[in-house]
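Trainee: I have a new structure to get to know. Can you walk me through it?
Mentor: Sure. Open it up and ask away.

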Amino acid sequence: MVVNSVIIINKTFRNFLLLYIIISLILLCDVLIYNCGKKSISKTEFLQGEINVLFQTSINDNILKKILENEDIIAQSVAINENFVQLKVADQDMDVILHKLNNLPMIIEAEPNYILKNNNIGNITNNLKNDTLIFQNQINDNNIIVAVIDTGIDTLHPDLKNHIWINTNEIENDGIDNDINGYVDDINGWDFYNNDNTLCSYKYNNKTKEYVSNPNDCDNHGTHVAGIIVSNYVKLINISKLNSNIKIMSLKIQGGADGNGSIAAAISAIKYATANGAKICNMSLGGYTYSRILEKTIRESNMLFVTAAGNNGNDNDVNPVYPASFDLDNILSIAYTDKENKLERNSNYGKNSVDVVAPGTNILSTIVGGNYNQMNGSSIATPYITSIAALLYSYQNYTYPISVKNIITKSLDNISLLKDYVQYPGILNTTKIIGNLSQLKIDIVEPSIMYSYVYNGKKFMVNPIIIDKGGSEICLSKWLNGKKLISDFSRGTIGHTINSNLIILDKEGFYTLYSSDYSGNEKVLTMFLHNIQGKKLFLRTEKVHLKIGERYQIEYKLIPTNATDEIKYCSSNDNIASVSNYGKVTANQKGNCRIKIQLLNKKHKYLYIIVNDQK
Ligand SMILES: [Ca+2]
Ligand SMILES: [Ca+2]
Ligand SMILES: [Ca+2]
Ligand SMILES: [Ca+2]
């Protein structure tokens with residue numbers, strides 16, 4: 001309330017009038033979104049003629065063209081980002097093409113390019129317990145990058161300009177993609193909606209006397225969200241004086257008159273944030289359609305995703321909203337409360353699917369043009385939690401999403417009125433967070449990578465064994481041809497994904513395996529695959545007695561000892577004893593049989609199996 005009065009005193013009448021108009025517009029806008037959401041939750045909102053495709057491995061334009069030709073698919077590729085492709089097809093062909101694509105073995109998923117909406121709706125004050133100063137004293141100096149996936153941000157706003165992430169590998173305005181990441185002059189982030197580097201619709205070019213970007217865009221939403229993240233619960237006026245080490249990366253994916261965005265833009269934004277070292281993604285947006293591609297992208301990112309539950313007064317346990325409703329350890333889903341700590345009537349909720357609440361009514365923050373305004377909704381509650389999460393990361397740079405989530409959800413003052421609405425019913429208490437800081441877990445141990453391989457006469461079958469020590473678990477694993485460095489994998493956004501414990505490779509040579517954990521520790525291991533032919537085979541024993549149900553692992557020795565042959569196993573009678581591809585024998589019924597064990601050069605030995613029925 002104090003904050004409000006400061007603003008009004010500082011504004012001239014003209015500004016006040018402008019503010020009034022803006023608030024009225026927002027309220028109107030809220031009513032529209034509210035109606036649209038509550039009366040009919042559309043399950044099929046997507047951009048006409050646009051298809052997103054996730055491939056098993058990275059692909060290029062040529063391979064894509066061949067695949068499309070083979071399947072008689074007429075499509076234009078809009079964007080190729082490693083194993084993610086966005087296609088444009090004729091509207092009437094969508095269903096047929098989706099069906100064809102989803103039947104191809106090299107494709108994980110093909111789906112329409114679903115729409116993602118802002119979660120702001122139109123109407124009181126920050127009612128969190130405020131121990132900010134004590135908290136500030138305890139944080140360390142780590143710069144924490146927070147990606148705001150939203151509309152754009154007014155990066156020149158006086159209260160934001162010192163908190164904007166700078167891509168130090170890029171030279172500003174030289175027209176060159178200096179860091180070769182595919183984005184020219186991406187100095188503070190990227191506009192994936194208009195595909196340019198201007199992040200704010202109101203950016204004015206003094207030389208040409210023109211607005212640089214799409215005039216339909218309104219970037220107040222993202223600017224408002226950013227203000228809450230950097231304010232760390234301190235009142236918003238003069239927040240630039242606060243020595244906050246949060247750096248905001250602006251990834252604009254929403255724009256135009258309706259303020260909508262799409263899954264395709266969100267995927268590119270998440271990849272960008274990952275590659276550039278963001279720890280947290282604030283996603284104050286959502287859609288009612290499940291996207292497997294979005295879920296997989298979030299699961300394979302070591303960032304924490306703080307997401308808005310939505311503003312349709314809807315039970316997300318029944319009608320899930322994505323990304324908030326993905327059941328993932330690195331997602332926090334946020335509902336919003338009024339000044340009395342009650343769930344606001346328009347807030348979505350979900351006893352099982354929404355994690356926590358935060359204030360979301362009449363929240364004052366930054367808007368475009370160096371101004372301030374109040375906004376409402378789960379969109380506005382979400383950055384409160386992002387702000388706390390960022391402080392936890394700045395306290396322990398090597399912490400990881402589930403640990404941050406645990407500290408947040410156990411640092412609440414219980415509010416029984418909320419118990420039917422969210423999984424952790426309560427209001428954040430920063431004193432409790434400070435008390436729980438020592439429980440924040442860190443993982444500084446890089447993943448460990450081992451592998452073994454065999455050659456089957458045509459291909460190398462590599463069995464990578466990748467485990468994480470240190471507690472945060474493996475986030476993702478990739479491989480590339482040749483001898484590579486950690487940096488070549490660009491934090492796991494480049495390379496072929498290792499989805500199972502088998503990689504099939506055609507040629508002898510060097511390959512590099514990569515893995516990262518949820519704390520961002522990375523490890524690479526270069527392997528040299530070489531076919532060494534087995535000449536002789538010796539069995540440890542040539543006869544084995546087994547009881548029904550008993551199992552036995554065949555043991556052998558090869559000459560030379562480093563031979564890479566894939567050994568073939570075959571039972572003369574599977575009814576008596578069967579054998580797995582890895583030489584594990586299972587005794588099934590009484591009788592005798594033999595197992596043939598064969599090298600690539602066809603040389604073989606027999607193991608005699610005698611199965612008895614007694615134990
Ligand atoms: Ca660049
Ligand atoms: Ca440049
Ligand atoms: Ca732009
Ligand atoms: Ca680890």
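Trainee: How are the donor residues of the calcium ion (ligand 1) spaced in sequence?
Mentor: The pattern is E-x6-D-x1-D-x1-N-x1-Y-x2-D. Keep in mind that this is a predicted model.

Trainee: Which residues are the protein donors there, and how far from the calcium ion (ligand 1) do they lie?
Mentor: They are Glu170 (OE), Asp177 (OD), Asp179 (OD), Asn181 (OD1), Tyr183 (O) and Asp186 (OD). They lie 2.2 to 2.4 Å from the ion.

Trainee: Why is the arrangement around the calcium ion (ligand 1) irregular?
Mentor: Look at the angles. The six donor atoms subtend 74 to 162°, so the arrangement is irregular.

Trainee: Are aspartate 177 and aspartate 186 buried or exposed?
Mentor: Both aspartate 177 and aspartate 186 are buried.

Trainee: Next ion. What coordinates the calcium ion (ligand 3)?
Mentor: Asp191 (OD), Asp196 (OD), Asp196 (OD), Thr198 (O) and Thr198 (OG1) do, at 2.2 to 3.0 Å. In sequence these donor residues follow D-x4-D-x1-T.

Trainee: And is aspartate 191 buried or exposed?
Mentor: Buried. The relative accessible area of aspartate 191 is 0%.

Trainee: What about the calcium ion (ligand 4), which protein donors does that one have?
Mentor: Asp443 (OD), Asp443 (OD), Val445 (O), Asp468 (OD), Asp468 (OD), Lys469 (O) and Asp517 (OD). They lie 2.2 to 2.9 Å from the calcium ion (ligand 4). The spacing of the donor residues is D-x1-V-x22-D-K-x47-D.

Trainee: Where do valine 445 and lysine 469 sit?
Mentor: Valine 445 is in the loop between α11 (430–436) and β21 (448–455). Lysine 469 is in the loop between β22 (460–467) and β23 (474–481). The two are 24 residues apart, and the pair links distant parts of the chain.

Trainee: How open are those two?
Mentor: Valine 445 is partly exposed, at 36% relative accessible area. Lysine 469 is also partly exposed, at 49%.

Trainee: Let's switch to helices. Which residues of helix α4 are buried?
Mentor: In α4, residues 94–102, the buried ones are Met94, Ile97, Leu98 and Leu101. They cover an arc of only 100° around the axis, so they sit on the same side of α4.

Trainee: Why would residues a few places apart line up like that?
Mentor: An α-helix has 3.6 residues a turn, so residues three or four places apart point the same way.

Trainee: Which residues are exposed on the other side of α4?
Mentor: Asp95 and His99 are exposed there.

Trainee: And what do the buried residues of α4 pack against?
Mentor: They pack against β1 (46–55), α3 (61–70), β3 (84–88) and β4 (107–118).

Trainee: Pick a residue in β1 for me.
Mentor: Take glutamine 48, which lies in strand β1. At 44% relative accessibility, glutamine 48 is partly exposed.

Trainee: What is glutamine 48 in contact with, leaving aside its neighbours within four places in sequence?
Mentor: Lys88, Asp91 and Met94. Glutamine 48 and aspartate 91 are 43 residues apart along the chain, yet their C-alpha atoms are separated by 5.9 Å.

Trainee: Back to helices. How many residues of helix α10 are buried?
Mentor: Seven of its nine, so to speak of α10 (residues 401–409) as mostly covered is fair. The buried ones are Pro401, Ser403, Val404, Lys405, Ile407, Ile408 and Thr409.Trainee: Now cysteines. How many disulfides does the structure hold?
Mentor: Zero.

Trainee: Why is there no bond from cysteine 200 to cysteine 218?
Mentor: Distance. The sulfur of cysteine 218 is the closest cysteine sulfur to that of cysteine 200, but at 8.8 Å it is too far for a bond.

Trainee: Is cysteine 200 buried or exposed?
Mentor: Cysteine 200 is buried, with a relative accessible area of 8%. Cysteine 475 is buried too, with a value of 8%.

Trainee: One more spot. Where is threonine 361 found?
Mentor: In the loop between β16 (356–359) and β17 (363–367). Threonine 361 is buried, at 2% relative accessible area.

Trainee: What does the side chain of threonine 361 reach?
Mentor: The backbone oxygen of threonine 337, at 3.3 Å.

Trainee: Last one. Where does glycine 286 lie?
Mentor: In strand β13 (residues 285–286). Glycine 286 is buried, at 8% relative accessible area. Glycine 286 and proline 323 are 37 residues apart in sequence but 6.0 Å apart in space, C-alpha to C-alpha.

Definitions and conventions. Residues are numbered from 1 along each chain as its sequence is written. Chains are lettered from A and ligands numbered from 1 in the order in which they are written. This is a predicted model: local features need pLDDT of at least 70, side-chain atom pairs count only at pLDDT 80 or more; totals for chains, interfaces and linings use all residues. Side-chain values use heavy atoms; hydrogens and water are left out. Helices (H or I, at least four residues) and strands (E, at least two) are DSSP runs, numbered from the N terminus. Buried means under 20% relative accessible area, exposed over 50%, partly exposed in between (1.4 Å probe, protein chains only). A polar contact is a pair of N or O atoms within 3.5 Å; within protein, one must be able to donate a hydrogen and the other to accept it, and residues adjacent in sequence count only if both atoms are side-chain atoms. Donors are N, O and S atoms within 2.8 Å of the metal (3.2 Å for Na, K and Ca); water is not among the atoms, so sites may look incomplete. Four donors count as tetrahedral if all angles lie between 85 and 135 degrees; four count as square planar and six as octahedral if opposite donors are over 155 degrees apart and all others between 65 and 115; anything else is irregular. The arc is that of the directions from the helix axis to the C-beta atoms. Contact means heavy atoms within 4.5 Å. A disulfide is a pair of cysteine sulfur atoms within 2.5 Å.
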